[in-house]
Amino acid sequence: KLEQKSSTANILYASMPSFDYKEMDDSTKISNKRYKEKFTVLSLWASWATLSRKHLKTITDTCRRYKKEQVTLLNISLDHDTAQWRNIVLADTIGGDNVCDMKMWNNALVKRYNVNTLPYSVIIGPQLMSVSYNIAPDKLGHKLDSLINRHEEEKKKQERLLKKKRR
């Protein structure tokens, strides 16, 4: 139990590690800096993991309900066959940023979030800290609503405090 608790503590509020990936077009580079200031749903998946495609479809549909300034989607494939990965992303019209770094289970994000099964999702907060992990796709919308509302309330509270200090 102690080992499990320690493992959980390492995931929750862990900072997103730095990375540089190329998007599917191989010309656009993305880094973790792109995801600062909004909530990011990080989805780790693979074409050979049978639940992954359904998981991604549900997550993509959920994330499309939010404004781009609020929520973004980063899908990292653990595939080793980039052709198969590209075909599935295009065929399933998977939204968000889609990358495949060919590192499979050695990917830095896989290690940071102790991923041992696929699909696996993590919500990263606006300051690049994980705030929820291993979220079931059917619970994602509710969790995002709660986090966004709490974040907006906190911003308003900070603005009120700043106004009081200025007076």
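These legends walk through several close-up views of a predicted model.

**View 1. Five strands line up in one open sheet.** Read across the sheet and you meet the strands in the order E5-E4-E3-E6-E7, with mixed pairing. Strand E5 (97-100) and E7 stand at the edges; each has a single partner strand, so one side of each is left without a neighbour in the sheet. On average, neighbouring strands are turned by 20° against each other, direction ignored. As a reminder, strands of a sheet pair through backbone hydrogen bonds, either parallel or antiparallel.

**View 2. E3 and E4 run in the parallel sense, with helices packed on the sheet.** Seven bridges join E3 and E4. To find your bearings, look for Leu-42, whose bridge partner in E4 is Leu-74. Helix H2 packs on the sheet and touches E3, E4 and E6; the direction of H2 makes about 165° with that of E3. Helix H5 also packs on the sheet, where H5 touches E3, E4, E6 and E7. Its direction makes about 150° with that of E3.

**View 3. Strand E4 is covered on both faces.** On one side of E4 sit Val-71, Leu-73, Asn-75 and Ser-77, and on the other Thr-72, Leu-74 and Ile-76, all of them buried. Because seven of the seven residues of E4 are buried, this strand is largely enclosed by the rest of the structure. Follow the chain from E3 through H2 to E4 and you trace a right-handed β-α-β crossover.

**View 4. E4 pairs with E5, and a helix lies on the path between them.** The pairing of E4 and E5 is parallel and runs over four bridges. A handy pair to pick out is Ile-76 with Val-99, its bridge partner in E5. From E4, the chain crosses through helix H3 (residues 82-91) to E5, and this β-α-β crossover is right-handed.

**View 5. Ser-47 makes polar contacts with two side chains.** You will find Ser-47 in the loop between E3 and H2. With 12% relative accessibility, Ser-47 counts as buried, because the cut-off for buried is under 20%. The side chain of Ser-47 makes a polar contact with the side chain of Asp-79 at 2.5 Å, and another with the side chain of Gln-84 at 3.2 Å. Setting aside neighbours within four places in sequence, Ser-47 is in contact with Ile-88 as well as with Asp-79 and Gln-84.

**View 6. Asn-107 is a buried loop residue.** Look for Asn-107 in the loop between E5 and helix H4 (108-112). The relative accessible area of Asn-107 is 0%. Apart from neighbours within four places in sequence, Asn-107 is in contact with Tyr-21, Ile-76, Leu-78 and Asp-101. You may recognise Ile-76 as the bridge partner of Val-99.

**View 7. Helix H5 spans 44 Å and has buried residues along its chain.** The helix takes in residues 137-166, 30 residues in total. The span of H5 from first C-alpha to last is close to the 44 Å expected at 1.5 Å a residue. Leu-140, Gly-141, Leu-144, Leu-147 and Ile-148 are buried in H5. What covers the buried residues of H5 includes helix H2 (52-63) and the strands E3 (39-45), E4 (71-77), E6 (120-124) and E7 (130-133).

Methods
Residues are numbered from 1 along each chain as its sequence is written. This is a predicted model: local features need pLDDT of at least 70, side-chain atom pairs count only at pLDDT 80 or more; totals for chains, interfaces and linings use all residues. Side-chain values use heavy atoms; hydrogens and water are left out. Helices (H or I, at least four residues) and strands (E, at least two) are DSSP runs, numbered from the N terminus. The expected span of a helix is 1.5 Å times one less than its number of residues. Buried means under 20% relative accessible area, exposed over 50%, partly exposed in between (1.4 Å probe, protein chains only). Contact means heavy atoms within 4.5 Å. A polar contact is a pair of N or O atoms within 3.5 Å; within protein, one must be able to donate a hydrogen and the other to accept it, and residues adjacent in sequence count only if both atoms are side-chain atoms. Two strands pair if DSSP finds at least two bridges between them. Axes are lines fitted to C-alpha atoms, for helices over the stretch in contact, and angles run from 0 to 180 degrees between N-to-C directions. A crossover is right-handed if, with the strands pointing away from the viewer, the path from the first strand over the helix to the second runs clockwise.
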